Amino acid sequence: MALGKDYATQECSIARALEVVGERWTLLVIRDALYGVRRYNDFLVHLGIPRAVLASRLQSLTAEGILEKRRYQQSPPRDEYVITERGMALWPTLRSLGRWGRENIDGSLLREFRHADCGTELGPYGECPACGTVVPVPDVLMVPGPDLLDRDPADPVSRALLKPKRLLEPVVTEPV
């Protein structure tokens, strides 16, 4: 018996959220958008995702208002995908899911998330223990963690993410 494509019979906010972000690859596309990935090819090489799947995910995330498609070049026409406020609202979910994976699956600290203003590692709910505030997404500094094994990755996005950077700042890639 084939699995259904939706949760139409579920009266549940989680089921409704999964209708939008529950397909394979979708949360990783959103994660990368939070990390500052904006260009189609950068998503493609960083995620290793099939082209048709990436195009479909970007289209659905744009239709849902999680990403916004913006033209950055006229000739030839090229667009980038910028995360919206609605997409940024998924940061606590992604942070919690990553933390759960670290604590319950492999224990690896691949990335640290710090308050850019004071350098303190964020607490479990995105709060700064030193400042006593929830840190807004643009004020989160992402730093490679001690368990990140590949310090010379092949793809340019992974190389760019080896340096500390604030979330949402566009990833600047260098040619291989």
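## Getting to know helix α4

Right after α4 comes Gly65, with a positive phi near 80 degrees. Keep in mind that this is a predicted model. Now for some exercises.

**Exercise 1.** Work out how the span of α4 compares with the expected one.

*Solution.* Start with the ends: α4 covers residues 51-63, which makes 13 residues. Next, go from the first C-alpha to the last, and you get 18 Å. At 1.5 Å a residue, 18 Å is expected, so the two are close.

**Exercise 2.** Sort residues of α4 into buried and exposed, then explain the pattern.

*Solution.* First, pick out the buried ones: Leu54, Arg57, Leu58 and Leu61. Looking down the axis of α4, you'd find these buried residues within an arc of 100 degrees, so they line one face of the helix. The general rule helps here: an α-helix has 3.6 residues a turn, so residues three or four places apart point the same way. Finally, turn to the other side of α4, where Ala52, Gln59 and Ala63 are exposed.

**Exercise 3.** Find what the buried residues of α4 pack against.

*Solution.* Two helices come up, α2 (26-35) and α3 (40-47), along with the strands β1 (67-73) and β2 (78-83). For a closer look, take Phe43: beyond its neighbours within four places in sequence, its contacts include Leu54 and Leu58, as well as Tyr81.

**Exercise 4.** Place α4 in the largest nonpolar core.

*Solution.* That core has 36 residues, and Ile30, Leu34, Phe43 and Leu167 have the most contacts inside it. Elements giving it two or more residues include α4, α6 (91-106) and β6 (140-144). The largest share, 5 residues, comes from α2.

Terms used
Residues numbered from 1 in each chain as written. Predicted model: local features only at pLDDT ≥ 70, side-chain atom pairs only at ≥ 80, totals over all residues. Heavy atoms only, no water. Helix = DSSP H or I, 4+ residues; strand = E, 2+ residues; numbered from the N terminus. Buried < 20%, exposed > 50% of the residue type's maximum accessible area, 1.4 Å probe, protein only. Arc of directions from axis to C-beta. Contact = heavy atoms within 4.5 Å. Core = buried A, V, L, I, M, F, W, Y, C linked by side-chain atoms within 4.5 Å.
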